[in-house]
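Load the model in a viewer and keep a selection tool at hand. The stops below go from the whole chain to single residues.

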Amino acid sequence: MSFFANHMLVALPALQDANFARAVALICQHDEDGAMGVVINRPSEYTFGELLEQMHIVLRDERLRDHRVLAGGPVHPERGFVLHDGPGGWDSSLEITEGLHVTTSRDVLEAMAAGDGPEHATLALGCAGWGKGQLERELTEHSWLTVPADPQLVFETPLDARWQAAAGRIGVDMMHVASHSGRA
């Protein structure tokens with residue numbers, strides 16, 4: 001069985017679920033029990049500064065105040081997931097691929113607020129989850145493309161360009177992919 005941790009899912013145009021239409025989801029964990037990922041191309045209504053204020057964390061690094069927090073998915077929308085580069089030395093950091101980690105720990109947010117955090121990081125509220133066999137079924141239904149995880153896409157590509165850019169990593173131009181799935 002193939003597992004897709006260390007990959008991104010790129011929603012194909014035929015995917016009808018409003019939570020995932022044109023989404024790019026970074027798969028953080030995938031095993032026989034299911035999968036968990038973070039959508040990396042949807043802005044939330046919050047900025048980093050607003051979220052830190054709600055958490056009573058003093059923001060000293062003003063460059064981060066207006067950074068948009070991502071809407072990471074419909075599961076646990078009250079929970080923050082920090083995607084970051086560098087060593088995974090933060091509490092409960094999980095390595096996704098070399099140079100790309102995820103953590104739900106407050107310590108990385110405090111370090112970022114103080115200007116001592118990872119060089120590249122982004123915060124998402126919520127995640128995406130797939131039960132046992134669900135992701136595999138969706139892949140056979142042609143709902144998603146799978147592409148290797150790419151820290152550059154996560155941290156440097158503008159949000160509105162990530163869907164097309166992720167598909168482009170494997171040579172697919174989403175503007176030329178049909179928006180329906182047919183049966184012969």
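Start with the whole chain: for its 184 residues, a compact globule would have a radius of gyration near 16 Å, and the chain agrees, with 16 Å. That radius is taken over C-alpha atoms, and the globule rule is 2.2 Å times the number of residues to the power 0.38. This is a predicted model, in which local features need pLDDT of at least 70 and side-chain atom pairs count only at pLDDT 80 or more, while totals for chains, interfaces and linings use all residues. Residues are numbered from 1 along each chain as its sequence is written, and side-chain values use heavy atoms, with hydrogens and water left out.

Show the C-alpha trace along its principal axes; the box it fills is roughly 60 × 30 × 25 Å. Switch to cartoon, and five helices and ten strands appear; these are DSSP runs, numbered from the N terminus, with at least four residues for a helix (H or I) and at least two for a strand (E). Of the contacts in the chain with a separation of 6 or more, 64% join residues 24 or more positions apart, a contact being heavy atoms within 4.5 Å.

Colour by burial next. Buried residues make up 45% of the 184; buried means under 20% relative accessible area, exposed over 50%, and partly exposed in between (1.4 Å probe, protein chains only).

Select helix H2, residues 106-113. Which of its residues are buried? They are Val-108, Leu-109, Ala-111, Met-112 and Ala-113. Their cover includes helix H1 (48-54), strand E6 (75-84), E8 and strand E9 (121-130). Just after H2, Gly-115 has a positive phi of about 85 degrees.

Move to strand E8, residues 100-103, and pick His-101. Is His-101 buried or exposed? Its relative accessible area is 7%, so His-101 counts as buried. Add Gly-86: its backbone oxygen is 3.0 Å from a polar atom of the His-101 side chain.

Now go to the loop between strand E1 (7-11) and strand E2 (24-31), and select Arg-22. With a relative accessible area of 48%, Arg-22 is partly exposed. Leaving out residues up to four places away in sequence, Arg-22 touches Ala-11, Asn-41, Arg-42, Trp-163 and Met-175. Add Arg-162 and draw a distance between C-alpha atoms: Arg-22 and Arg-162 are 140 residues apart along the chain, and these atoms are separated by 9.5 Å.

Notes: A polar contact is a pair of N or O atoms within 3.5 Å; within protein, one must be able to donate a hydrogen and the other to accept it, and residues adjacent in sequence count only if both atoms are side-chain atoms.
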